[in-house]
Amino acid sequence: MPSFRAPRGTRDLLPAERPAWERLAAIASDLARRYGYASIETPIFEQTAVFERGVGEATDIVEKELFRIQPRSEEAESWALRPEGTAGIVRAYVQHGLHTLPQPVRVQYLGPMFRYDRPQAGRYRQFWQWDVEAIGDPGPAIDAEIVELGHRFYVEAGLPNVKVLLNSIGDGACRPAYVTELTAYFASHRERLPELERSRLATNPLRLLDSKDPEMAALIAAAPRIVDRLCDACRTHFDAVRAHLDALGVPVRLEPSLVRGLDYYTRTAFEFYREGAEGQQQALGGGGRYDGLVQLLGGKPTPGIGFALGLDRVVLALAEERIAAPAPAHPAVFVTGADPADTVSRLRFATDLRHGGICARADLGQRRLSRQLEQAAREGAHFAVILGDELREGLVQLRDLRAASQHPVPLADLAREIERGEQSHRHG
Ligand code: HAM
């Protein structure tokens with residue numbers, strides 16, 4: 001047993017797993033380029049108040065799952081690791097006066113988030129999100145742009161059967177009356193509420209709708225629905241969002257009990273699920289409109305909308321659907337030599353090839369040639385270069401390890417031959 005292990009709820013992503021992640025990062029960054037979302041980075045920790053105020057003090061994320069950083073005695077500030085990205089991005093928008101840029105400000109980034117939750121399959125304490133935000137446009141067309149972009153990510157990743165669950169959760173005009181009605185409804189069934197839901201009733205009654213407790217299913221199904229109680233402005237907005245999504249052909253299912261677990265949402269709320277995988281830890285992503293958040297964090301009233309996709313869950317889903325992950329990169333060429341002690345020549349040769357743009361490795365141990373060639377095969381190299389006496393005449397042996405053939409090549413032609421071999425391998 002090793003003495004040290006990665007902290008509970010975190011994982012090491014080893015070299016064999018990374019290509020699947022890098023592929024997703026490349027898809028995200030290519031989509032961001034095509035859709036016009038610029039990249040942004042914010043710190044991994046923020047003042048705790050950014051999350052308390054932004055995400056909401058009565059949410060699970062802040063109340064139970066925040067990784068708080070023990071302040072050093074001389075520092076008054078209290079910090080926490082970010083449980084999500086939206087609050088930090090909006091804090092940056094306000095701090096740097098990004099309202100002076102053309103609106104909306106479209107930004108995105110991919111990075112780790114931290115939630116101190118009980119770890120299980122698909123739920124980690126450190127996990128990765130691709131977070132996309134459009135700040136400064138009240139919608140409804142931008143809502144559809146955002147939802148379609150999230151959906152498109154799954155399609156390009158190889159998960160065409162991902163559905164959007166969509167709802168409107170109203171705004172400051174219609175939600176308060178609805179929350180009062182909902183509270184009265186659940187209070188009248190208090191004796192049927194599980195312990196946790198009973199305590200939530202006082203602090204965050206909307207969250208009861210989101211409960212995955214089987215005891216709650218019937219109560220939730222019969223609960224008053226916000227979509228039936230939207231004010232005219234919210235109703236018009238929601239209808240227009242749906243019309244735009246229809247026009248884009250995004251598969252949407254209306255889900256009246258979808259409320260989301262963060263307090264900042266207004267109006268449009270959505271989650272992404274794979275067909276037939278709609279359990280508690282199975283949301284592949286989610287997002288919504290947050291028209292009050294900029295103001296809550298000290299800015300002028302500014303609308304916003306965004307989503308975050310959970311990449312850990314996407315990687316799991318791709319494995320379940322048996323979508324092959326790309327193989328780790330193999331070197332084009334592995335430099336070997338007849339003289340085991342001559343590591344200088346091998347390293348210099350590999351370095352020259354690398355400077356010329358070729359993916360090269362060299363055997364830097366002092367093994368005999370047959371062992372070096374075994375190593376070249378084990379590392380999956382396409383070619384082995386063998387340095388020997390012919391080097392004096394400006395020749396090396398080039399062995400094609402895939403075709404099992406070998407011939408002498410003048411040094412001047414080597415890079416070209418390797419590149420040609422690599423290209424014909426790639427194309428066919
Ligand atoms: P969220 O629904 O809390 O939203 O998280 C988005 C996604 O992150 C989830 O659907 C899930 O795939 C993934 N996720 C969340 N927690 C975990 C975990 N413990 N382990 C693995 N994956 C997890 C937000 O975070 C909002 N900031 C989204 C947003 C952006 N809204 C507006 N803009």
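This is a short chat about the fold, the central sheet and the surface of one predicted model.

Biologist: How many helices and strands are there in the chain?

Modeller: The chain has 14 helices and 16 strands.

Biologist: And what does the chain span along its principal axes?

Modeller: The C-alpha trace covers about 90 × 55 × 45 Å. Its radius of gyration is 28 Å, while a compact globule of 428 residues would have one near 22 Å.

Biologist: What share of the contacts is between residues 24 or more positions apart?

Modeller: Such pairs make up 69% of the contacts with a separation of 6 or more.

Biologist: Let's turn to the sheet. In what order do the eight strands run?

Modeller: The order is S1-S5-S6-S11-S10-S9-S7-S8, in an open sheet with mixed pairing.

Biologist: Which strands stand at the edges, and why is one side of each left without a neighbour?

Modeller: Those are S1 (38-39) and S8 (252-254); each has a single partner strand, so one side has no neighbour in the sheet.

Biologist: In which sense do S6 and S11 pair?

Modeller: Antiparallel, over seven bridges, between residues 126-135 of S6 and residues 304-310 of S11. Val 132 has Phe 307 in S11 as its bridge partner.

Biologist: New topic. What percentage of the residues is buried?

Modeller: Buried residues are 48% of the 428 in the chain.

Biologist: What supplies the area that the chain exposes?

Modeller: Carbon and sulfur atoms supply 53% of about 20800 Å².

Biologist: And how far apart are the mean positions of the positive and negative charges?

Modeller: They are 2 Å apart, for 53 positive and 58 negative charges.

Note on methods: Residues numbered from 1 in each chain as written. Predicted model: local features only at pLDDT ≥ 70, side-chain atom pairs only at ≥ 80, totals over all residues. Heavy atoms only, no water. Helix = DSSP H or I, 4+ residues; strand = E, 2+ residues; numbered from the N terminus. Rg over C-alpha atoms; globule rule 2.2 N^0.38 Å. Buried < 20%, exposed > 50% of the residue type's maximum accessible area, 1.4 Å probe, protein only. Contact = heavy atoms within 4.5 Å. Areas by Shrake-Rupley, 256 points an atom, 1.4 Å probe, with all protein chains shown as cover. Lys, Arg positive; Asp, Glu negative; His and termini not counted. Charge placed at Lys NZ, Arg CZ, Asp CG, Glu CD. Pairing = 2+ DSSP bridges.
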